[in-house]
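Dear colleague,

I am handing over the structure below, together with an account of what was found in it. Please have it open while you read, since the notes go from one part of the chain to another.

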Amino acid sequence: MTRDDRVATNPLTDEQVVIRETINNLVDSARLDVLRALAEQTQTPSAINAQGVVTRQTASDHLARFTERGLTKPVAEQCGYELTAGGKITLEAIETCLDVLDSDQLACLTRSTHALDVLNSLAAGSARPHELARAGADAPSRSTVQRMLSMCEAQSWSSTTGGTHRLTPAGQTVLDAYNDLALSIEQVVEKAPWLQRLDQCRSDLPVQALADAKVVVSSPDSPGLVVLAALSLCDRQFSQFRALTSIYNPPLFDAYNELLERGLPGEAIVDQSVYRELHEEGLQHFLDDSEFADFDIGWLEEELTLGIGVYDDRKVAIGAYNQTGAADHIAMLISTNQTVVDWGIELYNTYWEQAHRKAEQAPEVVSS
(Lines give C-alpha, C1' and ligand atoms only; values in the text may rest on other atoms or scores of the structure.)
Protein backbone atom coordinates (compact mmCIF):
# COMPACT_ATOMS: atom_id res chain seq x y z
CA MET A 1 0.00 0.00 0.00
CA THR A 2 1.17 3.55 -0.70
CA ARG A 3 0.40 6.40 1.64
CA ASP A 4 -1.99 8.96 0.08
CA ASP A 5 -0.83 12.21 1.66
CA ARG A 6 -0.44 14.91 -0.97
CA VAL A 7 1.49 17.84 0.50
CA ALA A 8 1.48 21.37 -0.93
CA THR A 9 3.22 24.55 0.19
CA ASN A 10 1.10 27.66 0.68
CA PRO A 11 3.27 30.60 -0.51
CA LEU A 12 1.26 33.02 1.65
CA THR A 13 2.26 31.30 4.90
CA ASP A 14 5.08 28.95 3.84
CA GLU A 15 3.21 26.18 5.66
CA GLN A 16 3.22 22.60 4.45
CA VAL A 17 -0.41 21.63 3.88
CA VAL A 18 -1.55 18.00 3.87
CA ILE A 19 -4.39 18.03 1.36
CA ARG A 20 -6.29 15.13 2.91
CA GLU A 21 -6.21 16.83 6.33
CA THR A 22 -7.32 20.13 4.81
CA ILE A 23 -10.34 18.45 3.21
CA ASN A 24 -11.17 16.63 6.43
CA ASN A 25 -10.91 19.83 8.48
CA LEU A 26 -13.34 21.54 6.11
CA VAL A 27 -16.00 18.84 5.85
CA ASP A 28 -15.83 17.56 9.43
CA SER A 29 -16.45 20.89 11.18
CA ALA A 30 -18.33 24.19 11.05
CA ARG A 31 -15.70 25.65 8.71
CA LEU A 32 -17.67 24.50 5.67
CA ASP A 33 -20.79 26.23 7.03
CA VAL A 34 -18.81 29.48 7.30
CA LEU A 35 -17.63 29.17 3.68
CA ARG A 36 -21.17 28.41 2.56
CA ALA A 37 -22.44 31.52 4.35
CA LEU A 38 -20.23 33.59 1.99
CA ALA A 39 -21.37 31.80 -1.17
CA GLU A 40 -23.85 34.46 -2.25
CA GLN A 41 -22.73 37.67 -0.56
CA THR A 42 -20.34 39.44 1.78
CA GLN A 43 -20.98 38.64 5.43
CA THR A 44 -19.79 39.86 8.81
CA PRO A 45 -19.08 37.45 11.67
CA SER A 46 -22.16 38.83 13.43
CA ALA A 47 -24.34 38.18 10.36
CA ILE A 48 -23.08 34.61 10.17
CA ASN A 49 -23.86 34.20 13.87
CA ALA A 50 -27.37 35.62 13.33
CA GLN A 51 -28.02 32.88 10.76
CA GLY A 52 -27.37 30.30 13.44
CA VAL A 53 -24.30 28.94 11.67
CA VAL A 54 -21.70 29.40 14.43
CA THR A 55 -20.97 31.88 17.20
CA ARG A 56 -19.64 35.28 16.22
CA GLN A 57 -16.22 34.49 17.72
CA THR A 58 -15.98 31.13 15.94
CA ALA A 59 -16.94 32.77 12.64
CA SER A 60 -14.35 35.48 13.22
CA ASP A 61 -11.65 32.90 14.00
CA HIS A 62 -12.44 30.80 10.93
CA LEU A 63 -12.56 33.85 8.65
CA ALA A 64 -9.20 35.07 9.92
CA ARG A 65 -7.68 31.68 9.17
CA PHE A 66 -9.34 31.50 5.74
CA THR A 67 -8.02 34.98 4.92
CA GLU A 68 -4.52 33.96 6.00
CA ARG A 69 -4.74 31.07 3.55
CA GLY A 70 -6.19 33.18 0.72
CA LEU A 71 -9.74 31.76 0.68
CA THR A 72 -11.48 34.90 1.94
CA LYS A 73 -10.63 38.58 2.10
CA PRO A 74 -11.97 41.51 4.12
CA VAL A 75 -14.25 44.06 2.49
CA ALA A 76 -13.53 47.27 4.38
CA GLU A 77 -16.55 49.28 3.26
CA GLN A 78 -18.90 46.54 4.47
CA CYS A 79 -16.84 45.52 7.52
CA GLY A 80 -17.24 41.94 6.34
CA TYR A 81 -15.61 39.18 4.33
CA GLU A 82 -16.08 37.71 0.88
CA LEU A 83 -14.76 34.65 -0.91
CA THR A 84 -11.74 35.02 -3.14
CA ALA A 85 -11.56 33.07 -6.38
CA GLY A 86 -9.61 30.45 -4.43
CA GLY A 87 -12.33 30.29 -1.79
CA LYS A 88 -15.08 29.96 -4.36
CA ILE A 89 -13.18 27.24 -6.23
CA THR A 90 -12.66 25.38 -2.94
CA LEU A 91 -16.33 25.59 -2.03
CA GLU A 92 -17.49 24.55 -5.51
CA ALA A 93 -15.05 21.62 -5.57
CA ILE A 94 -16.30 20.38 -2.20
CA GLU A 95 -19.95 20.71 -3.22
CA THR A 96 -19.24 18.80 -6.44
CA CYS A 97 -17.59 16.01 -4.45
CA LEU A 98 -20.54 15.96 -2.02
CA ASP A 99 -22.84 15.30 -4.97
CA VAL A 100 -21.18 11.86 -5.11
CA LEU A 101 -20.78 11.08 -1.40
CA ASP A 102 -22.23 12.79 1.66
CA SER A 103 -20.22 14.74 4.22
CA ASP A 104 -20.08 11.83 6.69
CA GLN A 105 -18.70 9.53 4.00
CA LEU A 106 -16.14 12.11 2.88
CA ALA A 107 -15.08 12.71 6.47
CA CYS A 108 -14.79 8.96 7.01
CA LEU A 109 -12.68 8.69 3.87
CA THR A 110 -10.30 11.52 4.88
CA ARG A 111 -10.15 11.09 8.66
CA SER A 112 -7.01 8.96 8.28
CA THR A 113 -4.93 7.91 5.34
CA HIS A 114 -5.79 4.21 5.70
CA ALA A 115 -9.16 4.28 3.94
CA LEU A 116 -7.69 6.06 0.92
CA ASP A 117 -4.74 3.69 0.91
CA VAL A 118 -7.08 0.70 0.80
CA LEU A 119 -9.13 2.14 -2.06
CA ASN A 120 -6.02 3.12 -4.02
CA SER A 121 -4.53 -0.34 -3.54
CA LEU A 122 -7.75 -2.04 -4.65
CA ALA A 123 -7.89 0.27 -7.67
CA ALA A 124 -4.55 -1.26 -8.69
CA GLY A 125 -5.93 -4.79 -8.39
CA SER A 126 -7.75 -7.28 -6.19
CA ALA A 127 -5.98 -8.25 -2.97
CA ARG A 128 -6.24 -10.17 0.28
CA PRO A 129 -5.94 -8.35 3.62
CA HIS A 130 -2.40 -9.52 4.36
CA GLU A 131 -1.33 -8.22 0.93
CA LEU A 132 -2.60 -4.75 1.82
CA ALA A 133 -0.55 -4.41 5.00
CA ARG A 134 2.54 -2.27 4.52
CA ALA A 135 5.97 -2.71 5.95
CA GLY A 136 7.42 0.19 7.90
CA ALA A 137 7.10 2.06 11.16
CA ASP A 138 3.74 3.61 10.29
CA ALA A 139 2.23 0.49 8.73
CA PRO A 140 -1.33 -0.26 9.86
CA SER A 141 -1.96 -3.45 11.72
CA ARG A 142 -3.76 -6.35 10.10
CA SER A 143 -6.80 -5.48 12.22
CA THR A 144 -6.72 -1.86 10.96
CA VAL A 145 -6.61 -3.05 7.37
CA GLN A 146 -9.51 -5.39 8.07
CA ARG A 147 -11.49 -2.57 9.68
CA MET A 148 -10.92 -0.34 6.65
CA LEU A 149 -11.99 -3.15 4.35
CA SER A 150 -15.16 -3.71 6.40
CA MET A 151 -15.93 0.01 6.22
CA CYS A 152 -15.39 0.09 2.46
CA GLU A 153 -17.58 -2.97 1.99
CA ALA A 154 -20.32 -1.46 4.20
CA GLN A 155 -20.25 1.63 1.95
CA SER A 156 -20.40 -0.61 -1.17
CA TRP A 157 -17.00 0.71 -2.21
CA SER A 158 -15.51 -2.78 -2.26
CA SER A 159 -16.67 -6.38 -2.34
CA THR A 160 -15.13 -9.71 -1.33
CA THR A 161 -15.22 -13.19 -2.78
CA GLY A 162 -13.33 -16.05 -1.16
CA GLY A 163 -11.27 -13.67 0.97
CA THR A 164 -10.18 -11.55 -2.01
CA HIS A 165 -11.25 -7.89 -1.99
CA ARG A 166 -11.86 -5.81 -5.09
CA LEU A 167 -12.96 -2.25 -5.85
CA THR A 168 -16.57 -1.82 -6.98
CA PRO A 169 -17.72 0.69 -9.61
CA ALA A 170 -19.13 2.77 -6.74
CA GLY A 171 -15.73 2.69 -5.06
CA GLN A 172 -14.03 3.85 -8.25
CA THR A 173 -16.53 6.70 -8.53
CA VAL A 174 -15.81 7.77 -4.95
CA LEU A 175 -12.07 7.57 -5.49
CA ASP A 176 -12.33 9.63 -8.69
CA ALA A 177 -14.46 12.24 -6.92
CA TYR A 178 -11.95 12.50 -4.07
CA ASN A 179 -8.98 12.76 -6.44
CA ASP A 180 -10.69 15.55 -8.39
CA LEU A 181 -11.31 17.42 -5.13
CA ALA A 182 -7.76 16.84 -3.88
CA LEU A 183 -6.25 18.09 -7.16
CA SER A 184 -8.37 21.25 -7.01
CA ILE A 185 -7.50 21.97 -3.37
CA GLU A 186 -3.82 21.33 -4.07
CA GLN A 187 -3.78 23.98 -6.80
CA VAL A 188 -5.77 26.44 -4.67
CA VAL A 189 -3.09 26.09 -1.99
CA GLU A 190 -0.12 26.37 -4.35
CA LYS A 191 -1.54 29.26 -6.43
CA ALA A 192 -2.96 31.15 -3.40
CA PRO A 193 -1.19 34.51 -4.04
CA TRP A 194 -2.77 34.71 -7.50
CA LEU A 195 -6.17 33.29 -6.64
CA GLN A 196 -6.62 35.61 -3.64
CA ARG A 197 -6.36 38.60 -6.01
CA LEU A 198 -8.37 37.14 -8.89
CA ASP A 199 -12.02 38.20 -8.89
CA GLN A 200 -14.23 35.38 -7.65
CA CYS A 201 -16.35 35.65 -10.80
CA ARG A 202 -13.35 34.06 -12.57
CA SER A 203 -13.68 30.85 -10.55
CA ASP A 204 -14.62 29.03 -13.77
CA LEU A 205 -10.93 28.65 -14.58
CA PRO A 206 -9.65 25.08 -15.15
CA VAL A 207 -7.94 24.87 -11.76
CA GLN A 208 -6.67 21.30 -12.15
CA ALA A 209 -4.78 22.35 -15.30
CA LEU A 210 -2.69 24.86 -13.31
CA ALA A 211 -0.23 22.27 -12.00
CA ASP A 212 2.58 23.32 -14.37
CA ALA A 213 1.77 27.04 -14.29
CA LYS A 214 4.23 29.51 -12.80
CA VAL A 215 3.15 32.28 -10.43
CA VAL A 216 5.22 35.44 -10.05
CA VAL A 217 4.35 37.77 -7.17
CA SER A 218 5.36 41.37 -6.51
CA SER A 219 5.73 42.61 -2.96
CA PRO A 220 6.69 45.83 -1.17
CA ASP A 221 10.27 44.52 -1.08
CA SER A 222 10.27 43.52 -4.76
CA PRO A 223 7.63 45.69 -6.45
CA GLY A 224 8.89 45.16 -10.00
CA LEU A 225 9.05 41.37 -10.21
CA VAL A 226 5.82 40.90 -12.16
CA VAL A 227 6.53 43.75 -14.57
CA LEU A 228 10.00 42.33 -15.24
CA ALA A 229 8.46 38.90 -15.88
CA ALA A 230 5.92 40.48 -18.24
CA LEU A 231 8.69 42.33 -20.08
CA SER A 232 10.63 39.09 -20.50
CA LEU A 233 7.63 37.63 -22.32
CA CYS A 234 7.63 40.45 -24.88
CA ASP A 235 10.35 38.93 -27.05
CA ARG A 236 10.78 38.41 -30.78
CA GLN A 237 10.01 34.71 -30.71
CA PHE A 238 6.26 34.98 -31.21
CA SER A 239 4.34 36.18 -34.26
CA GLN A 240 1.04 37.37 -32.76
CA PHE A 241 0.26 39.20 -29.56
CA ARG A 242 -2.97 40.08 -27.73
CA ALA A 243 -3.08 41.98 -24.46
CA LEU A 244 -5.51 43.48 -21.98
CA THR A 245 -3.76 46.09 -19.83
CA SER A 246 -5.25 47.59 -16.67
CA ILE A 247 -2.21 49.36 -15.23
CA TYR A 248 -0.08 52.11 -16.72
CA ASN A 249 3.60 51.26 -16.44
CA PRO A 250 6.07 53.20 -18.66
CA PRO A 251 8.60 50.35 -19.23
CA LEU A 252 5.78 47.99 -20.09
CA PHE A 253 4.30 50.44 -22.59
CA ASP A 254 7.75 51.01 -24.09
CA ALA A 255 7.89 47.26 -24.73
CA TYR A 256 4.40 47.33 -26.24
CA ASN A 257 5.46 50.24 -28.46
CA GLU A 258 8.42 48.24 -29.75
CA LEU A 259 6.08 45.39 -30.68
CA LEU A 260 3.84 47.84 -32.53
CA GLU A 261 6.73 49.44 -34.39
CA ARG A 262 8.01 46.12 -35.70
CA GLY A 263 4.58 45.41 -37.15
CA LEU A 264 3.58 42.53 -34.91
CA PRO A 265 0.02 41.38 -35.73
CA GLY A 266 -2.43 41.38 -32.84
CA GLU A 267 -4.75 43.35 -30.59
CA ALA A 268 -4.57 45.38 -27.39
CA ILE A 269 -7.18 46.61 -24.92
CA VAL A 270 -6.79 49.16 -22.13
CA ASP A 271 -9.28 49.65 -19.31
CA GLN A 272 -10.73 53.00 -18.28
CA SER A 273 -7.97 53.76 -15.73
CA VAL A 274 -5.24 53.28 -18.36
CA TYR A 275 -7.25 55.14 -20.99
CA ARG A 276 -7.44 58.12 -18.61
CA GLU A 277 -3.75 57.88 -17.68
CA LEU A 278 -2.65 57.85 -21.33
CA HIS A 279 -4.57 61.06 -21.98
CA GLU A 280 -3.19 62.73 -18.86
CA GLU A 281 0.36 61.79 -19.90
CA GLY A 282 -0.14 62.95 -23.50
CA LEU A 283 0.28 59.42 -24.82
CA GLN A 284 -2.97 59.11 -26.77
CA HIS A 285 -0.99 57.74 -29.72
CA PHE A 286 -1.11 54.37 -27.99
CA LEU A 287 -4.85 54.38 -28.70
CA ASP A 288 -4.44 55.12 -32.40
CA ASP A 289 -4.06 51.97 -34.47
CA SER A 290 -4.37 53.69 -37.84
CA GLU A 291 -0.61 53.41 -38.46
CA PHE A 292 -0.58 49.65 -37.86
CA ALA A 293 -2.08 47.53 -40.59
CA ASP A 294 -2.28 44.33 -38.56
CA PHE A 295 -2.82 45.65 -35.04
CA ASP A 296 -6.15 46.73 -33.54
CA ILE A 297 -6.54 48.72 -30.32
CA GLY A 298 -9.62 49.10 -28.14
CA TRP A 299 -10.55 50.53 -24.75
CA LEU A 300 -13.08 49.73 -22.06
CA GLU A 301 -15.39 51.93 -20.04
CA GLU A 302 -14.77 49.95 -16.85
CA GLU A 303 -11.79 49.68 -14.52
CA LEU A 304 -10.35 46.22 -13.90
CA THR A 305 -7.90 44.46 -11.61
CA LEU A 306 -6.90 42.06 -14.35
CA GLY A 307 -4.34 41.87 -17.12
CA ILE A 308 -4.05 39.28 -19.91
CA GLY A 309 -1.32 38.52 -22.40
CA VAL A 310 -1.81 35.91 -25.14
CA TYR A 311 1.26 34.84 -27.10
CA ASP A 312 0.67 32.94 -30.36
CA ASP A 313 -2.21 31.02 -28.75
CA ARG A 314 0.48 28.90 -27.06
CA LYS A 315 1.21 30.84 -23.88
CA VAL A 316 -0.91 33.00 -21.60
CA ALA A 317 -0.03 35.38 -18.78
CA ILE A 318 -2.83 36.54 -16.48
CA GLY A 319 -2.15 39.21 -13.87
CA ALA A 320 -4.38 40.00 -10.91
CA TYR A 321 -3.87 42.86 -8.49
CA ASN A 322 -5.37 44.61 -5.52
CA GLN A 323 -6.45 47.98 -6.84
CA THR A 324 -7.68 49.30 -10.16
CA GLY A 325 -4.97 51.18 -12.00
CA ALA A 326 -2.29 50.25 -9.45
CA ALA A 327 0.79 48.13 -10.11
CA ASP A 328 1.32 47.29 -6.43
CA HIS A 329 1.15 43.73 -5.12
CA ILE A 330 0.50 42.00 -8.43
CA ALA A 331 0.46 38.26 -8.93
CA MET A 332 0.81 36.87 -12.46
CA LEU A 333 0.19 33.32 -13.63
CA ILE A 334 2.05 32.09 -16.72
CA SER A 335 1.00 28.88 -18.45
CA THR A 336 1.54 26.95 -21.66
CA ASN A 337 -1.10 24.34 -20.79
CA GLN A 338 -3.52 24.46 -23.72
CA THR A 339 -6.58 24.20 -21.48
CA VAL A 340 -5.43 27.24 -19.49
CA VAL A 341 -4.42 29.08 -22.67
CA ASP A 342 -7.86 28.46 -24.18
CA TRP A 343 -9.51 29.74 -20.98
CA GLY A 344 -7.35 32.88 -21.09
CA ILE A 345 -8.22 33.46 -24.76
CA GLU A 346 -11.92 33.09 -24.05
CA LEU A 347 -11.64 35.55 -21.16
CA TYR A 348 -9.72 38.00 -23.34
CA ASN A 349 -12.35 37.70 -26.09
CA THR A 350 -15.16 38.64 -23.70
CA TYR A 351 -13.42 41.98 -23.11
CA TRP A 352 -12.53 42.46 -26.77
CA GLU A 353 -16.21 42.20 -27.63
CA GLN A 354 -16.95 45.01 -25.14
CA ALA A 355 -14.09 47.27 -26.23
CA HIS A 356 -14.51 50.52 -28.13
CA ARG A 357 -12.56 50.99 -31.36
CA LYS A 358 -11.02 54.15 -32.82
CA ALA A 359 -13.92 54.65 -35.21
CA GLU A 360 -16.40 54.65 -32.32
CA GLN A 361 -17.25 57.45 -29.94
CA ALA A 362 -14.59 57.42 -27.24
CA PRO A 363 -15.71 57.27 -23.61
CA GLU A 364 -15.44 60.52 -21.72
CA VAL A 365 -12.13 60.98 -19.91
CA VAL A 366 -12.93 61.60 -16.26
CA SER A 367 -10.21 62.90 -13.98
CA SER A 368 -9.61 60.83 -10.89
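Before the details, one cut-off is needed: a residue is called buried when its relative accessible area is under 20%, exposed when it is over 50%, and partly exposed in between. Please also keep in mind throughout that this is a predicted model.

To begin with the chain as a whole, it has 15 helices and 13 strands, and its C-alpha atoms fill a box of roughly 80 × 50 × 35 Å when this is taken along the principal axes. Of the 368 residues in the chain, 51% are buried, while the surface that the chain exposes comes to about 16700 Å², with carbon and sulfur atoms supplying 45% of it. Among the contacts with a separation of 6 or more, 67% are between residues 24 or more positions apart.

As for annotation, an unreviewed UniProt entry lists residues 22-103 and 104-185 under "domain: HVO-A0261-like N-terminal". In the model, the span 22-103 is 57% helix and 10% strand, and the C-alpha atoms at its two ends lie 14 Å apart.

The next region to look at is the pair of helices α7 (residues 113-124) and α10 (residues 169-190), whose axes come within 10 Å and cross at roughly 120°, the crossing being left-handed. On the α7 side the residues that meet the partner helix are Leu116, Leu119, Asn120 and Ala123, and on the α10 side they are Gln172, Leu175 and Tyr178. Sorted by class, this contact holds five nonpolar and two polar residues, with no charged ones.

Leu167, which is found in strand β6 (residues 164-167), touches residues that also take part in this helix pair: its contacts beyond four places in sequence are Leu119, Leu122, Ala123, Trp157, Ser158 and Gln172, and Leu119, Ala123 and Gln172 belong to the meeting of α7 with α10. Leu167 counts as buried because its relative accessibility is 18%, which is under the 20% cut-off. By contrast with these contacts, Gln200 is 33 residues from Leu167 in sequence and 38 Å from it in space, C-alpha to C-alpha.

Further along the chain is helix α14 (residues 272-280), in which the buried residues are Gln272, Ser273, Val274, Tyr275, Arg276 and Leu278. The elements that cover them include strand β8 (241-245), helix α13 (250-261), and the strands β9 (266-270) and β10 (295-299). After α14 comes Gly282, which has a positive phi, near 70°.

Lastly, there is a loop whose backbone deserves a look. Most residues other than glycine have a negative phi. Asp312, in the loop between β11 (306-311) and β12 (315-320), nevertheless has a positive phi, near 55°, and Asp313, which is found in that loop between β11 and β12, also has a positive phi, of about 60°, although it is not a glycine.

Are these two residues buried or exposed, or do they fall in between? Asp312 has a relative accessible area of 15% and is therefore buried, whereas Asp313 is at 32% relative accessibility and so counts as partly exposed, a value that lies between the cut-offs of 20% and 50%.

With best regards

Notes: Residues numbered from 1 in each chain as written. Predicted model: local features only at pLDDT ≥ 70, side-chain atom pairs only at ≥ 80, totals over all residues. Heavy atoms only, no water. UniProt positions renumbered as here; feature names shortened; annotations may be inferred. Buried < 20%, exposed > 50% of the residue type's maximum accessible area, 1.4 Å probe, protein only. Contact = heavy atoms within 4.5 Å. Axes fitted to C-alpha atoms, helices over the stretch in contact; angles between N-to-C directions. Left-handed = near helix turned anticlockwise from the far one by under 90°. Nonpolar A, V, L, I, M, F, W, Y, C, P; charged D, E, K, R; others polar. Areas by Shrake-Rupley, 256 points an atom, 1.4 Å probe, with all protein chains shown as cover.
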